[in-house]
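Trainee: Got a minute to go through this model with me? I'd like to see how you reason your way around it.

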Amino acid sequence: ARDSSFVVGMTVEFIMNLDTKLFFKINNLARCNKWLDLFGYAGSEWALPLMAVYYAAMVLAMSWENKMIGFLILIFSAGLWLTGFVLDFCIALIVKRSRPHVTHPNSNLLIKPIANWHSFPSDHTMTAFLICWLALIFGLPWAWVFFPFAVWVVFGRMFVGVHYPTDILGGLTIASLLAGLLQYILKMSLL
């Protein structure tokens with residue numbers, strides 16, 4: 001048992017070191033070029049609202065003949081997002097991982113986050129990838145367009161100094177699990 005706890009400890013330490021190194025590879029690009037700073041900031045702060053508006057517009061456009069279906073999809077999507085947000089918050093209360101700029105004051109912080117104690121998992125990543133999965137599940141035209149925006153959000157959140165790569169993976173995992181659950185529910189309801 002002692003050997004296995006040693007291996008687990010070494011593995012966790014290796015992952016955390018890699019996590020920090022990857023974070024700094026991206027974050028150290030900040031403040032080197034004003035256009036890259038603008039791109040990173042926009043990904044962090046503006047790509048997600050653009051995704052949400054485009055998603056809502058596509059759902060409503062797709063269901064133009066039957067607006068009730070479109071509104072139901074949007075309400076269901078909002079409920080699933082709220083579920084993800086509550087799940088993110090509960091995990092954050094348990095993990096209590098500080099943001100990178102708190103742990104590493106030498107990092108480049110380009111925005112002021114709302115909370116410094118909540119880094120894992122990333123709400124922005126969960127939301128961005130949940131939109132991607134929902135667009136695919138509901139068969140929106142041009143659904144693939146959401147994925148580059150989600151990657152832009154991910155890059156932006158690390159670039160501006162508010163998330164580690166494992167925070168991003170946590171948000172992606174929650175979005176994927178919620179989408180998988182939705183897919184299962186839809187499949188079972190159609191049987």
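Mentor: Sure, one definition up front: a residue is buried when its relative accessible area is under 20%. Keep in mind that this is a predicted model.

Trainee: Okay, which residues of α2 are buried?

Mentor: Helix α2 covers residues 34-45. Apply the under 20% cut-off, and the buried residues of α2 turn out to be Asp37, Gly40, Ala42, Gly43 and Ser44.

Trainee: And what covers the buried residues of α2?

Mentor: Look for heavy atoms within 4.5 Å, since that's what contact means here. The cover of those buried residues includes α3 (47-62), α6 (123-137) and α7 (146-159).

Trainee: How far apart are the end C-alpha atoms of α8?

Mentor: Start from what to expect: α8 has 26 residues, and at 1.5 Å a residue they should span 38 Å. The model agrees with that, because the end C-alpha atoms of α8 are apart by 37 Å.

Trainee: What should the 12 residues of α2 span, by that reasoning?

Mentor: Use 1.5 Å a residue again for α2. The end C-alpha atoms of α2 are 16 Å apart, which agrees with the expected span of 16 Å.

Trainee: How do α4 and α8 pack, parallel, antiparallel, perpendicular or oblique?

Mentor: Helix α4 (residues 67-95) and helix α8 (residues 165-190) have axes 10 Å apart and an angle of about 140°. Only angles over 145 degrees count as roughly antiparallel, and 65 to 115 as roughly perpendicular. So α4 relative to α8 is oblique.

Trainee: Which residues of α8 does α4 meet?

Mentor: α4 passes α8 in a right-handed crossing. From α4 come Phe76, Leu80, Thr83, Gly84, Leu87, Asp88 and Ile91, and in α8 they meet Ile174, Leu178 and Leu182.

Trainee: How many nonpolar residues are in that contact of α4 with α8?

Mentor: Sort the contact by class: one residue is charged and two are polar. The nonpolar count is seven.

Trainee: Is Met10 buried, exposed or partly exposed?

Mentor: Met10 sits in helix α1 (residues 2-27). Its relative accessible area is 42%. Buried needs under 20% and exposed needs over 50%, so Met10 is partly exposed.

Trainee: How far is the C-alpha atom of Met10 from that of Ile174?

Mentor: Ile174 is one of the buried residues of α8. Along the chain, Met10 and Ile174 are 164 residues apart. In space, their C-alpha atoms are separated by 26 Å.

Notes:
Residues numbered from 1 in each chain as written. Predicted model: local features only at pLDDT ≥ 70, side-chain atom pairs only at ≥ 80, totals over all residues. Heavy atoms only, no water. Axes fitted to C-alpha atoms, helices over the stretch in contact; angles between N-to-C directions. Helix = DSSP H or I, 4+ residues; strand = E, 2+ residues; numbered from the N terminus. Parallel < 35°, antiparallel > 145°, perpendicular 65-115°, else oblique. Left-handed = near helix turned anticlockwise from the far one by under 90°. Nonpolar A, V, L, I, M, F, W, Y, C, P; charged D, E, K, R; others polar. Expected span 1.5 Å × (residues − 1). Buried < 20%, exposed > 50% of the residue type's maximum accessible area, 1.4 Å probe, protein only.
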